[in-house]
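User: I'm new to this structure and would rather get to know one spot well than skim everything. Could you pick a single part, look at it closely, and then show me what surrounds it?

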Amino acid sequence: MTKKILCLALVALMLIAGGISAMANNTTTDINDNLVSYWNFEGSNETEMLSDKSTKGQSADNLTKVGSDVTFTDGVAYIPSTPLNYLQATSGNPDLKDVSSMTVFMKTKYVGSNTDFADLFSYQGLYRIYKKADSASSAGAVFEASAFATKNISGITGVDSKAVRARPINAGAEAIQADQWFYIALSMEITAENKGVATLYLSTDSMTYAKYVAEITFTDALLENLATRQAVPTTVNETNSVTIGKISVDTDIPDRGVGFYYDDIRIYNTVLDEMDLARIIPNSLELRSESEITTVATTTQATTTAASTTTAATTKATTTAATTAAATTTAAETTAEESEGCGGVIAAPVFALVAGACATCCVVKRKRK
């Protein structure tokens, strides 16, 4: 009877240890805690469609429609190629311009000819996500980004935007076809060493992301200039504000032939990586669990931009949904699990101890018979 009780107690201990392990290994950060702006274009009227659905920002970043040709259908905003049609958010909110730690995410698609530059999302003077010019290849359009500056800057003699702009270069490796939904994100951060890091992510399935990285090093003077460009302008106008789908600013610029659809736009006040992005379920605030996602091997190729002070590293990474449970665990996977928390470290020896004890109990019992 004593041995039987011991067996049952050890089995109970094994189950408890398994629960601890599961809890430790499934503890994940809720990236929605850092979601400071969110536009899904849902609502019963245009005001609701343009409203910021996030509750974590310092203030509501509601959008303003500019131009009569911008339309909304079933939670999707359409911005045509004709000039002076776009969406705009006021620039007074730090949520929109803190490039020291920030990620912009979008689900979008384009229609029309893809032979000229067209902006998807930009904050004049700070960052820009755009379709490249001269990308009329049958392979599709190429999308890129720039961070920390978008065009020539003022205030520093002899310095232009090329010296302070981090530009993740796609180089045509990931081309997007017209009328094809895709997912694009730009993360930006300034490290303690005054290094600016910009990372562009592209996906056509919301789970598998190509990754492109560019880095620059800031001087004190350049950081001061950046702070000036982040300051609140005296008036909200074409400068220093977030604009969505602004194909052109001036009426004398012709129709560029490209329109954009937007289904989901988000701004986070933290740096997201490809694993974080793969957790995002478009048009929902629910998140995929990390157990649904597995990271595939990455390859890195170093490149250099035209600016001598800017070095870009192009990295391609993919993430895929985990469709079946793994039957075995490799040593590398075990190490990764152990590093996530004590559960993985505790569970293995406890399971081994309990299994051995249970086996001993059974042997003793059989001998008594």
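Analyst: **Starting from one acidic side chain**

Glu274 counts as buried because its relative accessibility is 8%. Buried here means under 20% relative accessible area, exposed means over 50%, and partly exposed is in between (1.4 Å probe, protein chains only).

A quick word on the ground rules. This is a predicted model, where local features need pLDDT of at least 70 and side-chain atom pairs count only at pLDDT 80 or more, while totals for chains, interfaces and linings use all residues. Residues are numbered from 1 along each chain as its sequence is written, and side-chain values use heavy atoms, with hydrogens and water left out.

So what does Glu274 pair up with? Its side chain meets that of Lys211 in a salt bridge, at 3.6 Å from N to O. Since Glu274 lies in helix H4 (residues 274-279) and Lys211 in strand S13, the pair ties together parts that are 63 residues apart in sequence. Helices (H or I, at least four residues) and strands (E, at least two) are DSSP runs, numbered from the N terminus. A salt bridge, for its part, is a side-chain nitrogen of Lys or Arg within 4 Å of a carboxyl oxygen of Asp or Glu. Lys211 is buried too, because its relative accessibility is 18%.

Now follow strand S13 a little further. Glu215 and Lys195 meet through their side chains in another salt bridge, 3.7 Å from N to O. This one links distant parts of the chain, with Glu215 in strand S13 and Lys195 in strand S12 (residues 195-203), 20 residues apart. Here the surroundings are more open to view: Glu215 counts as partly exposed because its relative accessibility is 32%, and Lys195 is partly exposed with a relative accessible area of 31%.

Strand S13 also has a helix packed against it. In helix H3 (residues 220-230), the buried residues are Leu222, Asn225, Leu226, Arg229 and Gln230. Seen down the axis of H3, they fall within an arc of 140 degrees, so they line one face of the helix; the arc is that of the directions from the helix axis to the C-beta atoms. Those buried residues pack against strand S13 (210-217), along with strand S7 (118-123) and strand S11 (182-190). Contact means heavy atoms within 4.5 Å. On the other side of H3, Asp220, Glu224 and Thr228 are exposed.

How many salt bridges does the structure hold? There are nine. One of the pairs is Arg266 with Asp264, whose side chains meet at 2.8 Å, N to O. Arg266 is buried, with a relative accessible area of 0%, and Asp264 is buried with 0% as well. Elsewhere, Lys132, Glu144 and Arg167 are linked in a network of salt bridges.

To place all this in the whole, the protein chain has six helices and 17 strands. Buried residues make up 44% of its 369 residues. Of the contacts between residues at least 6 apart in sequence, 64% join residues at least 24 apart.
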